[in-house]
Amino acid sequence: MQKRTLGSTGPVVSALGLGAMGMTGGAYGAADRAESIATVHAALDAGVTLIDTSDHYGTGHNEMLLAEALRGRRRDDYQLSVKFGALVSPDGAFLGQDNRPVAVKSRLAQSLTRLGVDHIDVYRPARLDPAVPVEDTIGAIKEMVEAGYVRHIGLSEVGADTIRRAHAVHPIADLQIEYSLISRAVEAEVLPALRELGIGMTAYGVLSRGLISGHWDPAAVRPGDHRAMMPRFSGDNAAHNLALVEALRRVAATKGCTVAQLAIAWVAAQDPGIVTVVGARTRKRLSEALPALDLELTASDLAVIEQAVPAGSARGDRYPAAMMASVGVGN
């Protein structure tokens with residue numbers, strides 16, 4: 001398994017990380033617990049070390065599932081990236097973000113208990129809390145680093161200005177944010193800021209939540225799947241975007257790989273400081289993603305991919321305000 005370093009001060013991790021959000025159901029419909037645990041085991045056995053979760057995924061159940069999946073594994077063999085602060089009601093509605101220093105420490109204590117570990121490798125607020133200066137939040141996490149409960153500090157879904165302010169308080173290892181062939185907003189200001197400051201990126205949504213995986217079937221959306229609310233998956237937008245996928249499929253055929261592998265490799269090729277995170281919920285999808293790390297893309301290959309899926313060519317990439325309020329997804 002290839003390795004990459006998260007920024008100039010972060011940990012060395014597997015070049016591909018495993019996102020666990022979908023393993024406890026919710027955003028993408030029901031999940032199979034046994035298959036989820038088996039997928040975590042398969043990822044670890046394949047050399048994946050970085051596992052991403054959040055204390056609000058499944059209102060804590062995601063962390064408990066990971067604790068079960070990781071039981072018996074050497075702590076040095078995996079790294080946990082944990083987001084915190086999202087407020088969720090019993091019916092799953094998103095209520096906001098709490099990044100107060102006292103919340104930082106309280107939520108960390110809960111995550112450590114649920115995960116059954118004595119430290120978190122990368123700890124990060126899930127979103128920006130507009131009521132709390134980011135300096136206060138990072139300062140509280142810094143105290144937890146000094147106390148040994150956290151190894152590195154990360155950020156999630158924030159812009160260049162917030163990144164700079166946070167980094168001035170304590171070195172930031174990485175920013176977690178969506179980045180894919182059809183979601184490229186980070187290229188304007190965020191990615192240049194990360195490069196300037198020596199901060200890594202853990203890119204999620206590299207398959208655009210399955211849309212550019214080569215497997216998306218609009219008829220297969222299950223109850224509770226939030227993708228039904230996303231403009232990129234709806235009506236004419238979906239038809240247009242799936243045409244882009246077919247163009248990408250033709251390029252993949254010339255490389256002897258799948259669409260998903262090509263899309264993952266494209267993100268990884270944009271910068272050596274980027275670690276791709278795939279939300280594989282099954283061993284089958286994980287086994288497809290892993291070979292992407294060995295796919296070498298030349299400058300000519302990248303040009304052909306850009307021609308097939310030009311920047312800005314996707315439709316419905318932005319989230320509607322109603323969805324942002326209901327599930328806490330940021331633009």
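Start by selecting Glu63 and Arg114: the two form a salt bridge, with their closest N and O atoms 2.6 Å apart. Keep in mind as you click around that this is a predicted model. Colour by helix and you'll see that Glu63 sits in H2 while Arg114 sits in H3 (residues 101–115), so the contact ties together parts that are 51 residues apart in sequence. Switch on a surface and check both ends: Glu63 and Arg114 are each buried.

Stay with H2 for a moment. Select residues 61–70 to get the whole helix, then add strand S4 (50–54) and S5. H2 lies across those two strands, and its direction makes an angle of about 150° with S4.

**Into the barrel**

Now show the strands as a cartoon and hide the rest. You should find 8 strands closing into a barrel, and going round it the order is S3-S4-S5-S8-S9-S10-S11-S12. The pairing is parallel. From one strand to the next, the twist averages 30°.

Next, zoom to the place where S5 meets S8. These two run parallel and are joined by 4 bridges. To see one residue pairing, pick Val82, whose bridge partner in S8 is Tyr123.

Leave Tyr123 selected and add Phe84. How are the rings of Phe84 and Tyr123 arranged? A pair of aromatic rings is described by the distance of the centres and the angle of the planes. Here the centres are 4.6 Å apart and the planes are at 15°, so Phe84 and Tyr123 count as stacked, the cut-off for that being under 30 degrees. Along the chain the two are 39 residues apart, with Phe84 in S5 (residues 79–84) and Tyr123 in S8 (residues 120–125). Both Phe84 and Tyr123 are buried. The total number of aromatic pairs in the model is 2.

**One residue along S8**

Move on to Arg124 and bring up Asp174. Their side chains meet in a salt bridge, at 2.9 Å from N to O. Asp174 belongs to strand S10 (residues 172–178) and Arg124 to S8, so this pair ties together parts that are 50 residues apart in sequence. Are these two charged residues buried or exposed? Asp174 is buried, with a relative accessible area of 0%, and Arg124 is buried as well, also at 0%.

**A salt bridge within a helix**

For a contrast, jump to helix H9 (residues 283–289) and select Arg285 and Glu288, which are 3 residues apart, or about one helical turn. An α-helix has 3.6 residues a turn, so residues three or four places apart point the same way. The side chains of Glu288 and Arg285 meet in a salt bridge, at 3.9 Å from N to O. Glu288 is buried at 12% relative accessible area, whereas Arg285 is partly exposed at 34%.

If you'd like to keep hunting for charged contacts, the structure holds 19 salt bridges. A good one to try is the network that links Arg184, Glu187 and Glu306.

**Last stop: two sides of H10**

Finally, select residues 299–308, which make up helix H10, and colour them by accessibility. Asp301, Ile305 and Ala308 are buried. Look down the axis: these three cover an arc of only 60°, which puts them on the same side of H10. Then spin the view to the other side of H10, where Ala299 and Gln307 are exposed.

Methods. Residues are numbered from 1 along each chain as its sequence is written. This is a predicted model: local features need pLDDT of at least 70, side-chain atom pairs count only at pLDDT 80 or more; totals for chains, interfaces and linings use all residues. Side-chain values use heavy atoms; hydrogens and water are left out. Rings of Phe, Tyr and Trp (its six-membered ring) pair if their centres lie within 6.5 Å; planes under 30 degrees apart count as stacked, over 60 as edge-to-face and the rest as tilted. Buried means under 20% relative accessible area, exposed over 50%, partly exposed in between (1.4 Å probe, protein chains only). Two strands pair if DSSP finds at least two bridges between them. Axes are lines fitted to C-alpha atoms, for helices over the stretch in contact, and angles run from 0 to 180 degrees between N-to-C directions. Contact means heavy atoms within 4.5 Å. A salt bridge is a side-chain nitrogen of Lys or Arg within 4 Å of a carboxyl oxygen of Asp or Glu. The arc is that of the directions from the helix axis to the C-beta atoms.
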